[in-house]
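Here is a short briefing on how the helices and strands of this chain are arranged. Keep the viewer open as you read.

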Amino acid sequence: NYTVFELLEIIKTEQPDTVGINIFSVNFDLVKNLIEKCKVKTKFIVGGKSTRFLYPEIIKFNTPNEINVTIGEGEYITKDIIEGTVKENGIVKTNNRNVYLVNNNSKYFPVNLDVLKLNRKYFQGRTILNNYGMMEEAIVTSRECLYNCAFCGGARSLNSDVLVRARSKENIKEELEYIKQNNSATESIRILDDLFLKNRQSIIEAIEIFQSFSFKWRAMSHVLSLKGNSDLFKDLYISGCQELEIGIESGSNNIRKMIHKAGTIEEVVEVIKQVLDSGINVKGYVMYGILNETEEDALKTFAVVNELIEYSKNSRGKFRASAFQFRPYHGTELYN
């Protein structure tokens with residue numbers, strides 16, 4: 001929550017050799033402002049999902065400082081950018097502007113997520129109090145997405161040159177054990193990726209992972225990943241699953257089809273009710289203002305949310321909704 005001015009003061013005080021910064025559609029102007037107003041001689045590394053589409057504008061930022069843009073994951077390439085020893089050609093190299101593509105063909109691409117050991121010592125003070133009054137830490141268990149939503153920068157069609165990868169069950173348990181041993185205040189784990197529960201086998205593995213711990217846990221999930229697996233919901237609940245976060249997006253099948261949201265709204269409602277009956281809470285995400293959305297479409301979304309709230313008044317699990325205004329992210333089908 002620092003302002004651009006406060007960040008510039010930090011850079012002025014610290015005089016860093018390198019500044020790393022994340023850019024996306026919503027903060028584009030803030031990042032541009034920071035880089036162009038920076039008077040300290042430094043090297044910028046700009047990363048984030050949107051760099052694939054924003055790099056032609058980023059390299060035009062008005063600054064004498066070097067700008068390096070990374071498209072893709074930065075664990076391995078960052079060190080070499082800092083030291084000026086990158087061992088492969090970028091897709092752009094002009095004066096002090098470099099753009100590097102880290103995809104399946106790059107020597108810097110992390111194929112095996114298990115060997116990327118996250119040093120959680122850097123996350124001191126990052127535990128939050130969640131909606132259920134529990135101290136919570138977050139983990140990520142996979143990268144890239146199987147789905148192709150028209151509003152999302154992570155859509156498969158936009159990232160077909162990057163493998164979908166997941167961490168092993170044993171590797172996830174190692175991180176949870178580390179959290180247990182090093183932050184005893186942690187009561188809940190939030191899994192911040194779409195594919196932890198991607199099919200029946202992954203649901204079974206999630207149960208096996210968390211039944212070894214006393215944590216409550218929350219995760220994102222897709223309705224089609226849960227459909228047909230309601231017989232596992234009871235064990236999922238027993239393992240500590242407190243809440244599933246499900247992208248409903250719209251209650252209109254016409255809009256859902258237009259944005260490539262897999263599954264009908266009838267399937268969404270049916271699966272969510274099954275989850276609620278098991279005792280697991282559901283947080284449903286919806287969007288308003290999607291391209292070509294009519295008032296009738298919007299009212300259908302409201303009706304679905306209201307139906308699920310009313311249903312959850314008599315079920316073991318409770319339903320809550322989180323509503324977002326549609327934003328056209330660079331490079332996505334709806335943006336174009």
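Two strands count as paired if DSSP finds at least two bridges between them. Helices (H or I, at least four residues) and strands (E, at least two) are DSSP runs, numbered from the N terminus. This is a predicted model, in which local features need pLDDT of at least 70 and side-chain atom pairs count only at pLDDT 80 or more, while totals for chains, interfaces and linings use all residues. Residues are numbered from 1 along each chain as its sequence is written, and side-chain values use heavy atoms, with hydrogens and water left out.

**The chain overall**
- You will find 11 helices and 14 strands in the chain.
- The radius of gyration, taken over C-alpha atoms, is 22 Å, close to the 20 Å that the globule rule (2.2 Å times the number of residues to the power 0.38) gives for 336 residues, so the chain is as compact as a globular protein of that length.
- Its C-alpha trace spans about 65 × 50 × 40 Å along the principal axes.

**The five-strand sheet**
- Five strands, in the order β1-β2-β3-β5-β4, make an open sheet with mixed pairing.
- At its edges are β1 (18-22) and β4 (92-94), each of which pairs on one side only.
- Neighbouring strands here are turned by 20° against each other on average, direction ignored; for angles in general, axes are lines fitted to C-alpha atoms, for helices over the stretch in contact, and angles run from 0 to 180 degrees between N-to-C directions.
- β1 and β2 (residues 43-47) pair in the parallel sense, over five bridges, and Val 19 stands opposite Phe 44 in β2.
- Helix α3 (residues 51-58) lies across β2, β3 (66-72), β4 and β5 (97-102), and runs at about 165° to β3.

**The seven-strand sheet**
- An open sheet of seven strands follows the order β6-β7-β10-β11-β12-β13-β14, again with mixed pairing.
- Its edges are β6 (128-129) and β14 (319-325); each has a single partner strand, so one side of each is left without a neighbour in the sheet.
- β13 (residues 281-288) pairs with β14 in the parallel sense over seven bridges, with Val 286 having Ala 323 of β14 as its bridge partner.
- Helix α5 (residues 169-182) packs on this sheet and touches β7 (135-139) and β10 (188-191), its direction making about 150° with that of β7; contact means heavy atoms within 4.5 Å.

**Helix against helix**
- Two packed helices are described by the angle between their axes and the distance between the axes.
- α1 (residues 4-14) and α2 (residues 28-37) pack at about 35°, with axes 10 Å apart, and their crossing is right-handed (the near helix is turned clockwise from the far one by less than a right angle; anticlockwise would be left-handed).
- In that contact, Val 4, Leu 7, Leu 8 and Ile 11 of α1 meet Leu 30, Asn 33, Leu 34 and Lys 37 of α2.
- These residues divide into six nonpolar, one polar and one charged, where Ala, Val, Leu, Ile, Met, Phe, Trp, Tyr, Cys and Pro count as nonpolar, Asp, Glu, Lys and Arg as charged, and the others, Gly among them, as polar.
- The axes of α5 and α6 (residues 200-210) come within 10 Å and cross at roughly 35°, in a right-handed crossing.
- Lys 169, Ile 172, Lys 173 and Leu 176 of α5 meet Glu 205, Glu 208, Ile 209 and Phe 210 of α6, a contact with four nonpolar, no polar and four charged residues.
- α10 (residues 265-277) and α11 (residues 295-312) pack at about 20°, with axes 11 Å apart.
- α10 and α11 are therefore roughly parallel to each other (angles under 35 degrees count as roughly parallel, over 145 as roughly antiparallel, 65 to 115 as roughly perpendicular and the rest as oblique).
- Residues making the α10 and α11 contact include Ile 265, Val 269 and Lys 273 of α10 and Val 304, Glu 307 and Tyr 311 of α11.
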